[in-house]
Amino acid sequence: MNLIRILTENMIRFRTKNITSANLKTILDKSPIVINEYGIKSSLLTEGVSESMRCWYYTQVANWTFEYDKRVPDPYNTKGVQDFLIAIGHNIKSDGSFGDETAKALATWRYGASAGIVTVDKLWSKIKSDGYNFGTMNEDVGEMIIDICDDLAKSCVIDQQTSVKMDLANSYPRELRDQLDSSFIAAIKYWEDYLNNFNVQMKISVNLYGSSNMPNMIKTQQDIIPWYMSVLNLIKKNRWVDRSAEAAEDGAAMYVAGDCPPLTVCVNMGYYLTIYKQSGIKIMGRKAKESFVHEIQHIMWEKLKGIVKPINSRANIKLAFPLAYDSYAPSATGVSKQLAQAQISQSSKNDLTANGIDYNKLQAYYNTIKWRKTYTCHETELLSRLAAYRQYLTDRNVIQMGGTILLPTIISDIKKIINNVNVHWNFKMMIGCWVLGGMTPKLTDFVNKLNALAKNSIQDKNNVNLKQPDQDERT
């Protein structure tokens with residue numbers, strides 16, 4: 001008989017008979033030994049947390065939803081570790097101090113009480129011996145918790161009651177749906193305006209044909225732009241759909257690949273409900289628009305791949321981001337899961353210092369496992385992040401549509417990162433790849449190369465051919 005089921009059945013009896021904690025201990029003493037999911041004897045967790053609720057937390061941590069859902073503890077900081085352990089039933093303090101009490105509880109969850117790990121030093125030594133030796137203890141512990149939660153989430157079950165309680169199924173307010181509709185339309189409008197902008201078309205002409213003289217501009221306006229407008233019209237017709245459960249599995253706010261219908265944006269409404277409740281409808285709508293801008297880029301490239309020459313060559317992308325790579329290319333098979341941080345050249349150091357940026361602090365901020373994952377330099381995402389950042393600056397009148405991002409703007413946002421001040425997420429992700437690449441090219445050149453990238457060159461896993469656009473789609 002499954003031992004976890006024995007515990008669950010005893011707890012059901014415990015609730016129905018209104019038995020005390022002492023009675024529950026008696027029941028468990030008479031039951032077969034309780035083991036954790038790794039087959040190691042573990043101490044009994046607190047009475048009030050069900051296996052289904054623990055499974056919910058395992059699943060959320062495994063999917064990195066702690067990055068946007070404040071209900072989910074962040075395993076990369078001490079208080080988050082403590083809150084995670086409390087959430088799954090351990091009776092410890094949440095004081096932000098990683099002492100022996102926290103170490104013992106974490107070791108009991110991971111290795112079982114019989115392992116005898118009761119101090120911080122013993123726990124860290126054991127974690128390192130298991131291969132988690134990436135840097136700070138917070139990093140090692142965080143990676144270990146995510147890996148174990150990922151394993152547990154594959155075999156545990158979240159019941160309907162927990163799902164309804166925690167995921168707020170079918171409880172999205174009408175205001176939320178209406179705002180998502182408005183954000184979607186605004187994102188489409190942004191791309192229409194962007195692609196019709198003369199300055200943008202000049203950049204496209206230079207990228208494609210080498211100059212923006214009259215013949216090349218005519219080719220851009222007649223042979224390139226209509227294709228993108230055609231795809232935008234199709235996206236507008238298909239709109240967006242709710243795929244909260246599927247998106248949550250990957251920790252995504254939106255996505256357009258996999259099981260998402262063609263020419264459609266799939267949305268994690270649970271993510272936007274959380275923002276709606278925490279920050280209000282206005283901020284939620286703004287973030288949704290930025291995400292729609294990001295995802296629409298993916299769709300446009302996928303539909304035009306192999307039909308229209310990419311607006312930005314991979315060579316141009318690598319001029320700004322030397323570590324950028326195409327994870328979908330055959331040669332990407334077996335790419336390391338971690339990026340090594342390149343050395344900073346003296347010219348970059350001088351340039352950063354002259355602009356008031358502490359390059360040591362900037363390098364230290366990104367020198368963690370979280371940022372060294374190859375996703376940080378995923379070619380398709382780098383350029384989508386640039387698009388979303390441009391839209392963010394345009395909406396705030398920092399730049400005009402299709403305008404140049406000025407060096408002081410980039411400097412200001414980099415300093416916010418160093419000082420842990422809130423900054424646009426797409427910018428933070430984008431800059432991370434540049435930092436890991438040794439802050440090469442130097443900052444002043446990097447900003448120029450960013451501005452030279454007229455549009456995201458997005459390549460996705462799926463490729464659906466698109467017929468030549470009809471004349472009415474060209475206008």
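This passage describes a helix pair, two buried polar residues and several salt bridges.

The model is a predicted one, in which local features need pLDDT of at least 70, side-chain atom pairs count only at pLDDT 80 or more, and totals for chains, interfaces and linings use all residues. Residues are numbered from 1 along each chain as its sequence is written, and side-chain values use heavy atoms, with hydrogens and water left out.

A good place to begin is helix 3, which spans residues 51–62 and contains serine 52; helices here are DSSP runs of H or I with at least four residues, numbered from the N terminus. Serine 52 is buried, at 7% relative accessibility, where buried means under 20% relative accessible area, exposed over 50%, and partly exposed in between, with a 1.4 Å probe and protein chains only. Its side chain reaches the backbone nitrogen of aspartate 159 at 2.8 Å and also makes a polar contact of 2.7 Å with the side chain of threonine 162. A polar contact is a pair of N or O atoms within 3.5 Å; within protein, one must be able to donate a hydrogen and the other to accept it, and residues adjacent in sequence count only if both atoms are side-chain atoms. Beyond neighbours within four places in sequence, serine 52 is in contact with Val157, Ile158, Asp159 and Thr162, contact being heavy atoms within 4.5 Å.

Helix 3 also holds a salt bridge between glutamate 51 and arginine 54, whose closest N and O atoms are 2.6 Å apart. A salt bridge is a side-chain nitrogen of Lys or Arg within 4 Å of a carboxyl oxygen of Asp or Glu, and by this rule the count comes to 12. Because glutamate 51 and arginine 54 are 3 residues apart in helix 3, about one helical turn separates them. Glutamate 51 is partly exposed at 22%, whereas arginine 54 is buried at 4% relative accessibility.

Helix 9 (residues 174–196) offers another such pair: aspartate 193 and lysine 189 are 4 residues apart and so separated by about one helical turn. Their closest N and O atoms are 2.7 Å apart. Aspartate 193 is partly exposed at 32% relative accessibility, and lysine 189 is partly exposed at 44%.

A further salt bridge, between glutamate 290 and arginine 396, has its closest N and O atoms 4.0 Å apart. This pair links distant parts of the chain, 106 residues apart, with glutamate 290 in helix 14 (residues 281–304) and arginine 396 in the loop between helix 19 and helix 20 (407–418). Glutamate 290 is buried at 7% relative accessibility, while arginine 396 is partly exposed at 27%.

Within helix 19 (residues 379–395) lies arginine 390, which is buried with a relative accessible area of 2%. The side chains of arginine 390 and asparagine 451 are joined by a polar contact of 3.2 Å. Residues touched by arginine 390, leaving out those up to four places away in sequence, include Tyr190, Tyr194, Lys203 and Gly402. Arginine 390 and glycine 402 are 12 residues apart in sequence, with their C-alpha atoms 8.2 Å apart.

Finally, helix 5 (residues 100–111) and helix 6 (residues 120–129) have axes that come within 8 Å and cross at roughly 40°. Axes are lines fitted to C-alpha atoms, for helices over the stretch in contact, and angles run from 0 to 180 degrees between N-to-C directions. Helix 5 contributes Asp100, Ala103, Leu106, Ala107 and Tyr111 to the contact, and helix 6 contributes Val120, Leu123, Lys126 and Ile127.

How values were computed: Helices (H or I, at least four residues) and strands (E, at least two) are DSSP runs, numbered from the N terminus.
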